[in-house]
Amino acid sequence: MTTALQEMKTVLQKNGITRDDILQALERFGTKKVLLVGDLIIDIYTQCTAIGKTAKTPTLSVKRVSSERFWGGSSLIANNILSMGGHVTLVAVTGDDWGYEFFSRKKHERFQGKFFKDVTRPTTVKERFWVDGYKLLQVDTVENHEIPPALEDE
């Protein structure tokens, strides 16, 4: 048993939480309404294959095969809540860019998104480049400065 699993088991036992308690809570989850406030992240997984080395520097040359975009950060949690039958309202800030449209397209009967465009930042994107099953590189587009006061008031 892993250390994390042992720690979790100890905490559950210490607080008198049983397996049945957890199962009952999950069954009731569909009746819950959750307000989620958090950071939106677009996760992009780009699959590549190695095609060689560049001539001038010892740099791996790869060919892009495919890319998939997923909801990450708090939006991943929103999807998990929905998959368990819950209702979720997600409040978050996006950039004034394609990320706003990416998140605004979500249509689900138990989902409501309230997204605020911040013209001073891009939507956070984490793109991971996988080459033949190995993560070669991760490129993050992120800006962590304070939200402008007018947007915060909104």
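Begin by selecting strands β3, β2, β6 and β7 in this predicted model, and you will find that these 4 strands form an open sheet in the order β3-β2-β6-β7, with mixed pairing. The edges of this sheet are β3, residues 60-73, and β7, residues 134-141, and each of these strands pairs on one side only. If you look along the sheet from strand to strand, neighbouring strands are turned by 20 degrees against each other on average, with direction ignored. As background for what you see, strands of a sheet pair through backbone hydrogen bonds, and the pairing can be either parallel or antiparallel.

Next, keep β2 and β6 on the screen and hide the rest for a moment. Strand β6 covers residues 124-131, and together with β2 it pairs in the parallel sense over 8 bridges. To see one place along this pairing, select isoleucine 42 and look across to β6, where valine 125 stands opposite. Now bring back the sheet and add helix α3, which packs on the sheet and touches β2 and β3, its direction making about 60 degrees with that of β3.

Helix α3 also leads to the second sheet. Select residues 74-83, which make up α3, and notice that this helix lies across β1, β4 and β5, running at about 165 degrees to β4. Those 3 strands form an open sheet of their own in the order β1-β4-β5, and here the pairing is parallel. Its edge strands are β1, residues 33-37, and β5, residues 111-118, each of them pairing on one side only. From one strand to the next, the twist averages 15 degrees.

Now take this sheet pair by pair. Between β1 and β4, which run parallel, there are 5 bridges, and you can find one bridge by selecting valine 37 together with its partner in β4, valine 91. On the other pairing, β4, residues 87-95, and β5 are joined in the parallel sense over 8 bridges. Select alanine 92 and its bridge partner in β5, phenylalanine 115, and then follow the chain as it leaves β4, passes through helix α4, residues 98-104, and arrives at β5 in a right-handed β-α-β crossover. A further bridge to select is the one between glycine 95 and aspartate 118 in β5.

Stay on β4 and select threonine 94, which lies in this strand. Is threonine 94 buried or exposed? Threonine 94 counts as buried because its relative accessible area is 1%, and the cut-off for buried is under 20%. If you display its contacts, leaving aside neighbours within four places in sequence, you will find Leu40, Tyr100, Phe103, Phe115, Phe116, Lys117, Asp118 and Thr123.

Finish the tour at the largest pocket, which holds about 420 Å³ of space. Its lining is made by 23 residues, and the ones to select for its centre are Gly38, Asp39, Val93, Arg121 and Ile147, which lie nearest to that point. Which strand supplies the largest share of the lining? That strand is β4, with 5 residues. At least two residues of the lining come from each of β2 (40-53), β4 and α5 (149-153), so colouring these elements is a convenient last view.

How values were computed:
Residues are numbered from 1 along each chain as its sequence is written. This is a predicted model: local features need pLDDT of at least 70, side-chain atom pairs count only at pLDDT 80 or more; totals for chains, interfaces and linings use all residues. Side-chain values use heavy atoms; hydrogens and water are left out. Two strands pair if DSSP finds at least two bridges between them. Axes are lines fitted to C-alpha atoms, for helices over the stretch in contact, and angles run from 0 to 180 degrees between N-to-C directions. Contact means heavy atoms within 4.5 Å. Buried means under 20% relative accessible area, exposed over 50%, partly exposed in between (1.4 Å probe, protein chains only). A crossover is right-handed if, with the strands pointing away from the viewer, the path from the first strand over the helix to the second runs clockwise. On a 1 Å grid over the protein atoms alone, a cavity is a set of points where a 1.4 Å probe fits but cannot get out, and a pocket is an open set with protein on both sides within 12 Å along at least five of seven lines; lining residues have an atom within 4 Å of a point. Grid points are joined across faces, edges and corners, and a volume is the space filled by probe spheres set on the points.
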